[in-house]
Amino acid sequence: SDPIDQLAAMGWSVIRFATRYPGYLAAIRLFKSGRFPPGAGDSEEVQETLRYASSLMEMMETVVRNGVDDGTFRNDIEPHELALMIRLMTNSVMDPGPEFRWARDRYNIDMDAFVSRYLDLVAGAVLAPGVKKKIKRGAP
């Protein structure tokens, strides 16, 4: 499959998941914060949450590396760094602050359209020079 389509599918998946389970991202951040003594995060639920976060990053790195290798994504940034940058940008959409929610409600922003435009923006940032691809509009 095309790396840009894979990236978009991942984006839609994690944003939809975070919308349905808003506490999940906060839990991942909390569990990885180092605030707990050794052994405090040994429950199966905590371990499942941390495995999810790790597997998501590994998948993102694989998609980005494949995109760099086939010339779709820019090659001037290490794939693991590019994947991390994408993840950081996506986290802000997954867990928007109150000012975003206020603006979304005030301007009646359609979230599917917003996410589509956001993914276009991310694609533009990661595509190799001269590559012209667009994210397919709407959730898969």
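A salt bridge here is a side-chain nitrogen of Lys or Arg within 4 Å of a carboxyl oxygen of Asp or Glu, and the structure holds four of them. The structure is a predicted model, in which local features need pLDDT of at least 70 and side-chain atom pairs count only at pLDDT 80 or more, while totals for chains, interfaces and linings use all residues. Residues are numbered from 1 along each chain as its sequence is written, and side-chain values use heavy atoms, with hydrogens and water left out.

As for confidence, pLDDT is the predictor's own rating of each residue, on a scale from 0 to 100. Its mean over the chain is 85, and 94% of the residues reach 70 or more. Among the elements of the chain, helix H2 (residues 23-31) comes out lowest, with a mean pLDDT of 75, and helix H5 (residues 98-106) highest, at 91.

The fold is quick to describe: six helices and zero strands, read along the sequence as α-α-α-α-α-α. Both kinds of element are DSSP runs numbered from the N terminus, helices being H or I with at least four residues and strands E with at least two. The C-alpha atoms fill a box of roughly 50 × 40 × 25 Å along the principal axes. With contact taken as heavy atoms within 4.5 Å, residues 24 or more positions apart account for 67% of the contacts that have a separation of 6 or more.

Next comes the surface. By the Shrake-Rupley method with a 1.4 Å probe, where for residues only the protein chains shown count as cover, the chain exposes about 8,600 Å², and carbon and sulfur atoms supply 56% of that area. Buried means under 20% relative accessible area, exposed over 50%, and partly exposed in between (1.4 Å probe, protein chains only). Of the 140 residues, 36% count as buried.

What, then, is inside? In soluble globular proteins, nonpolar side chains tend to be buried together. A nonpolar core is a set of buried Ala, Val, Leu, Ile, Met, Phe, Trp, Tyr and Cys residues joined through side-chain atoms within 4.5 Å. The largest one in this model has 30 residues, and Leu 7, Val 64, Phe 73 and Ile 86 have the most contacts inside it. At least two residues of this core come from each of helix H1 (3-20), helix H3 (44-69), helix H4 (79-94) and helix H6 (111-126). H1 gives the most, with eight residues. Leaving aside residues up to four places away in sequence, Leu 7 touches Met 60, Val 63, Phe 73, Ile 86, Val 122 and Val 126.

Helix H4 also carries Arg 87, a bit of an oddity to look at. Which charged side chain is nearest to Arg 87 with opposite charge? Glu 61 is, but at 7.8 Å, and Arg 87 is buried yet has no salt bridge. For charge, Lys and Arg count as positive and Asp and Glu as negative, with His and the chain ends not counted. Beyond residues up to four places away in sequence, Arg 87 touches Ala 53, Leu 56 and Met 57.

Back to the salt bridges. One of them pairs Asp 112 with Arg 16, their closest N and O atoms being 2.4 Å apart. This pair links distant parts of the chain, with Asp 112 in helix H6 and Arg 16 in helix H1, 96 residues apart. Asp 112 is partly exposed at 32% relative accessible area, and Arg 16 is partly exposed too, at 28%.

Asp 76 and Arg 74 form another salt bridge, at 2.8 Å between the closest N and O atoms. Here Asp 76 counts as exposed at 54% relative accessibility, whereas Arg 74 is partly exposed at 24%. The side chains of Arg 104 and Asp 105 also meet in a salt bridge, at 3.1 Å from N to O. Arg 104 is partly exposed because its relative accessible area is 22%, while Asp 105 is exposed at 53%.

Two further residues round off the picture. Asn 108 lies in the loop between H5 and H6, and its phi is near 50 degrees, a positive value in a residue other than glycine. Asn 108 is exposed, with a relative accessible area of 68%. Ala 125, found in helix H6, is partly exposed at 34%. Ala 125 and Leu 82 are 43 residues apart in sequence, and their C-alpha atoms are 9.8 Å apart in space.
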